[in-house]
Amino acid sequence: MAARALINVPKTAKRGDVIEIKTLISHVMETGYRHSNTGVIIPRDIITSFSCKYNGEEIFATTLYPAIAANPFVTFHTVATESGTLAFHWIGDNGFEVTEEAKIVVE
Amino acid sequence: MMLSITRRDALIGGIAVAGVLPGAAAANTPGQMETAIRRVVGEAEIRKGKVTLDLPPLVENGNTVPMTITVNSPMIKTDYVKAIHVFNEKNPQANVISAQFGPRAGKAIVSTRIRLAGTQKLTAIAEMSDGSYWSDTQEVIVTLAACLEDLI
C-alpha cells in the first residue's frame, strides 16, 4: 500500500523565526468500531504515532487514536534554528511505516 | 440449508440483532472520560485557563471536524508546554490525540481533524514544564455522527 504524504515546510526562513509545518498522509484510519454489511467488526487499522525530527532532534511527537479522521492532517510549529532536514515518521497498525523528508534553508 | 429461514426465525434474528447493536455501539461515558484523564494526569489538580480548544460549535459531518488547540506559553527552556491531550465524552474511546512538545516548538499550537460520534463535550489538557495542568472544555453539536451510520 503506497501511502502518499504531503508536507508543507517553508523552503527558507530567518534564524529564530517560528515556522508552521503542515502534514497530510493518505490512510483510511479504520476505527475498529465499525461493522461490515455482514455484521462482522472491521479490524482496526490506524496510524498510531507520528513524529518529526529536526536535524536528528525530535521536536514534535503525537499519539493518534481512532478518533482522528481519515487521512490524518497534523499542523505544528517549530523554531528555525539552522539549515538542514526535517524528517517525518508515521507508524501504524499492520506494519505501516512511512518516512518523509523536507529540506529547509535558514539564513 | 440456510435458505429455510422461517418468518419466526427472521423475527427472532431481527430482535437479537436489535438487541446486540446498541451494546456494540456502546459509547464511552463522561465517567470514562474522567478515568482516561486521570490515567494521564494522575492526582494533579487541573485548572481552567491558558488552553484554547477551538472547534466549530455546530458540525454537519462528524467524520472530519477541524480542531485546533492553542496553549498560552512563552515556549522557552524554563517555561514550556510538555504535552497536550484531548479527550471526548461519547466516542467509543475517550482519547482523541496526545501531542508532545519541547521548547523547540516555538508555539504550542496543534491542529488536526477528528471524528465525533454525536453531540458531546471535548476537553483539552495541557501539561506544563512546571508540572501544572490546565484545561479547556468545548461543547460541539454534531448533526451527522461518525462511526454510527454503518450500524443503522
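Okay, let's start with one pair of residues: A:Ile7 in strand S1 of chain A has A:Thr23 as its bridge partner, over in S3(A). Before I go on, keep in mind that this is a predicted model.

So, that pair belongs to a longer ladder. S1(A) and S3(A), the latter covering residues 18-25, run antiparallel and share four bridges. Step across to the next strand and S3(A) is joined to S6(A), again antiparallel, by seven bridges. If you want a residue to click on there, take A:Ile21, which has A:Phe76 in S6(A) as its bridge partner.

Now, what does S6(A) pair with in chain B? It's strand S7, residues 108-114 of chain B, antiparallel, over two bridges. One bridge to look at sets A:Val74 against B:Thr112 in S7(B).

Put it together and you get an open sheet of six strands with antiparallel pairing, in the order S1(A)-S3(A)-S6(A)-S7(B)-S4(B)-S2(B). At the edges sit S1 (5-8) of chain A and S2 (51-54) of chain B, and each of those pairs on one side only. On average, neighbouring strands in this sheet are turned by 15° against each other, ignoring direction.

Let's go to the chain B edge. S2(B) pairs antiparallel with S4(B), residues 65-71, over four bridges. There you'll find B:Val51 standing opposite B:Val71 of S4(B).

B:Val51 comes up again when we look at the core. The largest nonpolar core has 58 residues, and the ones touching the most other members are B:Ile69, B:Leu116, B:Ala124 and B:Ala126. Leaving out residues up to four places away in sequence, B:Ile69 touches B:Val51, B:Leu53, B:Ile84, B:Val86, B:Val110 and B:Ala124. As a general point, nonpolar side chains tend to be buried together in soluble globular proteins.

Back to the contact between the chains: chain A puts in 25 residues and chain B 28. On the chain A side, the elements giving two or more residues are strands S5 (57-64) and S6 (73-79). Which one gives the most? That's S6(A), with seven residues. By type, the chain A side splits into 17 nonpolar, seven polar and one charged.

Last stop, a helix. H2 of chain B, residues 30-41, has twelve residues and spans 16 Å from first C-alpha to last, close to the 16 Å expected at 1.5 Å a residue. Right after H2(B) comes B:Gly42, with a positive phi of about 75°.

Terms used
Residues numbered from 1 in each chain as written. Chains lettered and ligands numbered in written order. Predicted model: local features only at pLDDT ≥ 70, side-chain atom pairs only at ≥ 80, totals over all residues. Contact = placed C-beta atoms within 7 Å. Nonpolar A, V, L, I, M, F, W, Y, C, P; charged D, E, K, R; others polar. Pairing = 2+ DSSP bridges. Axes fitted to C-alpha atoms, helices over the stretch in contact; angles between N-to-C directions. Core = buried A, V, L, I, M, F, W, Y, C linked by C-beta atoms within 7 Å. Buried ≥ 20, exposed ≤ 12 C-beta atoms within 10 Å, placed from the backbone. Expected span 1.5 Å × (residues − 1).
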